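Biologist: I would like a close look at a single part of this chain, namely its nonpolar core, explained slowly enough for someone in the first year of study.

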Amino acid sequence: MTAARGAQRKGIGKSLVLGGAFALVMGGLIWYASVSLGGHRCEVCLTYGGGHSCRSAEGATLEEARRTALDLACAELASGMTESLRCQNTPPTRVTCDP
């Protein structure tokens, strides 16, 4: 019975080590992804359908940051896929990006 307990404890220890290693790897990947995304920041202001919205976003490139900010502004102003596409094709009233 003592040998069975020893084997059981060894298995639990191995599970804890593997679980801890997995958590560290995942934490590192999340940190890396969040640090690498914040290269550029843009704010886009847009008037569509009688409303006005300004939204900011970050991205790895200026174009990605600008496009994400535009999508966020349109999400507030448009409803449905057709309106969202029309909104996204509307020229912004103001675009400010940090290099």
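Biologist: Among contacts in the chain between residues at least 6 apart in sequence, what percentage join residues at least 24 apart? Please take the nonpolar core from there.

Modeller: Please keep in mind that this is a predicted model. Of the contacts between residues at least 6 apart in sequence, 48% join residues at least 24 apart. The chain holds three helices and three strands, and read from the N terminus these elements follow the order α-β-β-α-α-β.

Now to the core itself. The largest nonpolar core has eleven residues, and these are Val44, Leu46, Tyr48, Ala57, Ala69, Leu70, Ala73, Cys74, Leu77, Ala78 and Cys87. Two elements, β1 (40-48) and α2 (62-77), each supply at least two of the core residues, and it is α2 that gives the most, with five residues. One member worth following in the picture is Ala73, which, when residues up to four places away in sequence are not counted, touches Val44 and Leu46 as well as Ser53 and Arg55; of these partners, Val44 and Leu46 are themselves members of the core.

For the setting of this core, consider the chain as a whole: 19% of its 99 residues count as buried, while about 7,000 Å² is exposed, with carbon and sulfur atoms supplying 63% of that area. Nonpolar side chains also occur on the surface, where Phe22, Val25, Met26 and Leu29 form a patch with about 400 Å² of accessible area together; Leu29, for its part, lies in helix α1, which covers residues 2-37.

Terms used:
Residues numbered from 1 in each chain as written. Predicted model: local features only at pLDDT ≥ 70, side-chain atom pairs only at ≥ 80, totals over all residues. Heavy atoms only, no water. Patch = residues over 30% accessible without salt bridge, like charges linked within 9 Å, V, L, I, M, F, W, Y side chains within 5 Å. Areas by Shrake-Rupley, 256 points an atom, 1.4 Å probe, with all protein chains shown as cover. Salt bridge = Lys/Arg side-chain N within 4 Å of Asp/Glu carboxyl O. Helix = DSSP H or I, 4+ residues; strand = E, 2+ residues; numbered from the N terminus. Core = buried A, V, L, I, M, F, W, Y, C linked by side-chain atoms within 4.5 Å. Buried < 20%, exposed > 50% of the residue type's maximum accessible area, 1.4 Å probe, protein only. Contact = heavy atoms within 4.5 Å.
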